[in-house]
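Here is a friendly tour of one protein model, meant to be read with the coordinates open beside it. It goes from the overall make-up to a sheet, a buried side chain and a cavity.

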Amino acid sequence: MRSLPEADFGMPDIRSPLRYLWWNARAQAPALLGGIGFATAWWLLQALVPAVLGKGIDAVTAKDTDALLTWSAIMLVIGVLQAFTGIMRHRMAVYNWLAAAYRTVQVTTRQAARLGATLPKRVSTGEVVSVGNSDISHIGNSMEILPRGTGSVVAIIAVTVILISTSLPLGLLVMFGVPLMAVAIGPLLKPLHRRQKTQRDLMGELSTRSADIVAGLRVLRGIGGEQVFAARYREESQRVRAAGVNVSKVESLLEGAQILLPGVLIAVVTGIGASFAIGGEITAGQLVAFYGYAVFLIGPMRTLTEVADKLTKGHVAARRVVRILSIEPEVSGGTGTSEGGVLRDSYSGVTVQPGVMTAIAAALPEDAIAIADRLGRYAEGDVTFGGVDLATLPMAEIRTRILVADNGARLFTGRLRDELDVRGDSSGELEVRGDSSDELDVRGDSSGERVAQALYAACAEDIIEALPDGLDALVAEAGREFSGGQQQRLRLVRALLADPEVLILVEPTSAVDAHSEARIGERLAKARVGKTTLVCTTSPLVLDRTDHVIYVENGRVLAEGTHHDLLATSPEYTATVTRGED
C-alpha cells in the first residue's frame, strides 16, 4: 500500500464536528469511493448467492444436469469474485482508517505547533493526549464504516427488488421491515452520544491528573503526598469506570437490538415463505432462497446499526478535535523587517541595549517573567526592536532572533548531543521555552569546540564526564535521569549553542549551588561578551557579573544602574537581592 497522503491542503477552518468529518471524507474522496465500490460489489455478490443456490436446488428437483452445472459454475465465479472484492474492501477499509486517523494527528500537531504557548493555557494536557489515545481511532472508524454502510444499503435495496419480483408480499415485508428496525434503534443513539461525551471528558481529566502526578512524583515523595494523590486518582478512576459502565449499558442494548430485530424479521419472512411453498405459490428453491435472503439481511442490517454507533462516536471524538482547531494564538506576527538594535518594553520601561549583558531584578518573580514574555513575543505588549514594532515581524523571525529560555523547557528522548545542538530554522521555531510546542530543527552542526565552550560556560562538564557514553548518551523521557540542577545547566548549554541575536534567560541558576552559580555568572558574561543578553534573576552572584541592572517593582522600572550602584542607592533593590540580610 502506498504511503498515506500528507495533510498539505492547509489548516481547516472548521467550527463543527460534522464539518470536520466531512472535511476528512472530502480529503480522501478517491479512497472512499474505491472502498464504496468494492464494498458494494462485495455485498451484491453475497446477495446473489441465495438466488443462485435456489436455482441450483430447483435444477436438482427437476433433475436437470445441465442447469445444475451451469448454476454451479456461476456459484464458483461468484465465490472467486466475492473473495477478491472482500480482500480489496478490507484493504481500502484499513487505508481509510489510517488516513483519517493520522490526518487528525497531522492537523492537531500542526495546530499545537502554531498555538505554541497558547495551547497549555486553553486546553488541558489530558484532553490533548486523549486525541492521540482514543479519538483518532473513533474518527478512523467513522471513515472506515462509510463504504460498508453504503454497500449494505445498496444490498438491502437489491434484495428487496429481488424479493418483490419473486413474491410481492415478502418483498414489501422486507422493504418496510428494515426501515422500521432502523427507527427502533434511534432512541438509543441520543443517550449513547451523551454518555460517551461524559466518559470522554472524564478520561481527559484523568489523563491530566495522571500527567501531573507523574511530573511531580519527586516532589510528592518529598512531602509525603503520594497516598493523598493516589486516593484522588483512584476516586477519579472510579468515576471514569462508572461512566464506561453507563456507556456499556446502552451499547449492550444496541448490540442486542442488532440480533433481536433481524431475527424477528427472519422468522417472519421464513414463516410466510414456508406457507407460500406449502400452498404451491413458490418452489422449494425459492423457499431456500428466501430463507437465505432473510439470513443474509442480518449482515447489512447490523452494519447499518454499526454505522450509527461509529458515526456517533466519531462525532463525539471530532468535537474535541474541533475544539483544539478552533483556538487562535494569543499572539501573531506580521510581515515587517527590523535590523535589530535596542529591545524596549514600553509598559515596564525596560530597555535592553545591544551588545550588553543586562539583568532584571524584580521584587516579584512574576513581573520579570511577564516582561520576558512580552520581549519574546509570547504575550501581547508594546515592544519595539530596533525602533520597529515587534508585533509587525514574522513569528518565525522573532523566534530565530530572540530566544526566551526558562526552566520549563523540555529535554526530549534521544542522543544528548542532538538534544543540546538545536537550532531554529527559517520556517520553524526554537523550542527552549517550556510552554511552547514549536518546531525543532536538530542540525548537529556545532563544532566540538563550540560544544565544549558552551558546556564550560554552563559548568556542565561534570555532567558529561559522569555519563559512560558522554555526549552520545541517550536521554530518557523528560531527562529524568538528571537532577533539577543538572537539567537547568543542560538547558543553558542548549540556549548558548543556539547563539541567538538576543538571549533572554529566566532564572538560569535557581537550582544550582552557590559555587556553581558564581562560576556560571562569570563564564556566562564572558561567553556572551558583545552580544545582547538579558538575565532575569535576583541572585547577587549573577547580578554582580552583568553590565547593567534594572530593578522592577509592581511591573515598572524603579531604578537601574550597576549592581554595586543599586546596592548603595536603592533600599528596595538591596532588600530584594539580599533577602533582607546584611
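The protein has 21 helices and twelve strands. Keep in mind that this is a predicted model. Of its 582 residues, 47% count as buried. Among contacts with a separation of 6 or more, 77% are between residues 24 or more positions apart.

**The sheet and its helix**

Let's turn to one open sheet, formed by four strands in the order E2-E1-E4-E5 with antiparallel pairing. Strands E2 (350-352) and E5 (388-389) stand at the edges with a single partner strand each, so one side of each has no neighbour in the sheet. Strands of a sheet pair through backbone hydrogen bonds, either parallel or antiparallel.

If you want to look at one pairing, try E1 (residues 343-345) and E4 (residues 383-385): the two run antiparallel and are joined by three bridges. Asp345 has Val383 in E4 as its bridge partner. Across E1, E2 and E4 lies helix H12 (residues 365-375), which runs at about 125 degrees to E1.

**A buried arginine**

Is Arg377, in the loop between H12 and E4, buried or exposed? Arg377 counts as buried because its relative accessibility is 3%, and the cut-off for buried is under 20%. Beyond its neighbours within four places in sequence, Arg377 is in contact with Val331 and Ser332, with Leu390 and Ala391, and also with Met395, Ile398 and Arg399.

**The second largest cavity**

How many cavities of 30 Å³ or more does a search of the whole structure find? The search finds three. The second largest cavity has a volume of about 80 Å³, and its lining consists of eleven residues. Ala405, Asp406, Gln488, Arg491 and Leu492 are the lining residues nearest its centre. Helix H17 (484-498) and strand E9 (502-506) are the elements that give two or more residues to this lining. H17 provides the largest share, three residues.

The table sorts the lining of this cavity by class.

| Class of lining residue | Number in the second largest cavity |
|---|---|
| Nonpolar | seven residues |
| Polar | two residues |
| Charged | two residues |

For a visual check, select the residues nearest the cavity centre, which include Asp406 and Arg491, and then display H17, the source of three lining residues.

Note on methods:
Residues are numbered from 1 along each chain as its sequence is written. This is a predicted model: local features need pLDDT of at least 70, side-chain atom pairs count only at pLDDT 80 or more; totals for chains, interfaces and linings use all residues. Side-chain values use heavy atoms; hydrogens and water are left out. On a 1 Å grid over the protein atoms alone, a cavity is a set of points where a 1.4 Å probe fits but cannot get out, and a pocket is an open set with protein on both sides within 12 Å along at least five of seven lines; lining residues have an atom within 4 Å of a point. Grid points are joined across faces, edges and corners, and a volume is the space filled by probe spheres set on the points. Ala, Val, Leu, Ile, Met, Phe, Trp, Tyr, Cys and Pro count as nonpolar, Asp, Glu, Lys and Arg as charged, and the others, Gly among them, as polar. Two strands pair if DSSP finds at least two bridges between them. Contact means heavy atoms within 4.5 Å. Axes are lines fitted to C-alpha atoms, for helices over the stretch in contact, and angles run from 0 to 180 degrees between N-to-C directions. Buried means under 20% relative accessible area, exposed over 50%, partly exposed in between (1.4 Å probe, protein chains only).
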